[in-house]
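Student: Can we go through this one together? I'd like to know what stands behind the terms.

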Amino acid sequence: MGLYSRYVRPRLLDATLGEKATGAIRDRVCAGLTGDVLEIGYGSGRNLPHLPPAVTGVWAVEPSTGALRLAAGRRDSAAVPVTVAAADARDLPFPDDRFDSALCTWVLCGVPDAHLALAEVARVLKPGAALHLVEHGLSPDAGVAGWQRRSNRLNLAIAGCRLDTDVAHLLAASPLTVSALDTYYEPGSPRPAGFMYEGRATA
Ligand SMILES: C[S@@+](CC[C@H](N)C(=O)[O-])C[C@H]1O[C@@H](n2cnc3c(N)ncnc32)[C@H](O)[C@@H]1O
């Protein structure tokens, strides 16, 4: 792993996904999480202050040591215990039916073969438990989707993720059942990076 992805990218993502830009979305997505929560792509721990009181603990899966360094302060001041696994969402180190809820915010865009991660989430969730998610992804507007395709390579180099992930298709093809999925352009974001998929899917 190069110096850029180790040190610079985690700081860039932490700043881009800061409280001012994402706090209201995080509040909505975290609402209703309960019990032991699996968070994949935990990053710098920015969801921790948004967890509702019904959460009893977080099992945080994050392969980036740079992101985990940035998360240390938030982990120390979290209201619940946070157990970190420096693992890959496509191969979760947990038994079947382990978690009461799962959380995933702006992660699937950067996971090659993201369907493997969703299959793993489905495996470790208790039957009927929900994955709460928000992702940016493929726009339904041909002009915007064209810009997403053309910008993918640059965005992968800088932010480590694709702009045109078809989140609805990924969820539909997964073992999870979508119970709610809103799509919208996030005001203030450039449209190629700002088409959001926000919702819930149950195991
Ligand atoms: C854009 S950041 C979002 C971080 C955090 N979820 C948030 O909302 O601030 C995406 C995170 O997913 C992590 N990630 C990338 N590939 C992953 C994988 N295969 N398994 C788990 N996490 C992964 C990255 O290291 C990064 O920290």
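**The ligand and the sheet**

Tutor: Sure, let's start at the ligand: one of its nitrogen atoms lies 2.7 Å from a polar backbone atom of Gly 41. Keep in mind that this is a predicted model, where local features need pLDDT of at least 70 and side-chain atom pairs 80 or more, while totals for chains, interfaces and linings use all residues. Residues are numbered from 1 along each chain as its sequence is written, and side-chain values use heavy atoms, leaving out hydrogens and water.

Student: What makes the pair at Gly 41 a polar contact?

Tutor: A polar contact is a pair of N or O atoms within 3.5 Å. The 2.7 Å at Gly 41 is within that limit, so the pair counts. Ala 89 has a polar backbone atom 2.9 Å from a ligand nitrogen, and a side-chain N or O atom of Arg 26 is 2.9 Å from a ligand oxygen. The protein covers 86% of the 590 Å² of accessible area that the ligand has on its own (Shrake-Rupley method, 1.4 Å probe).

Student: Which residues around the ligand come nearest?

Tutor: Arg 26, Gly 41, Glu 62, Ala 89 and Thr 105, out of 16; "around" means a heavy atom within 4 Å. The shell has eight nonpolar, five polar and three charged residues.

Student: Why are E3 and E6 said to stand at the edges?

Tutor: The seven strands form an open, mixed sheet in the order E3-E2-E1-E4-E5-E7-E6. Strands are DSSP runs of E, at least two residues long, and helices are runs of H or I, at least four; two strands pair if DSSP finds at least two bridges between them. E3 (82-85) and E6 (177-185) each have a single partner strand, so one side of each is left without a neighbour in the sheet.

Student: How do you know that E6 and E7 pair?

Tutor: They share eight bridges, in the antiparallel sense, and the definition asks for at least two, so they pair. Leu 181 stands opposite Gly 199 in E7.

Student: How many helices and strands does the chain have?

Tutor: Six helices and seven strands.

Methods. A polar contact is a pair of N or O atoms within 3.5 Å; within protein, one must be able to donate a hydrogen and the other to accept it, and residues adjacent in sequence count only if both atoms are side-chain atoms. Ala, Val, Leu, Ile, Met, Phe, Trp, Tyr, Cys and Pro count as nonpolar, Asp, Glu, Lys and Arg as charged, and the others, Gly among them, as polar.
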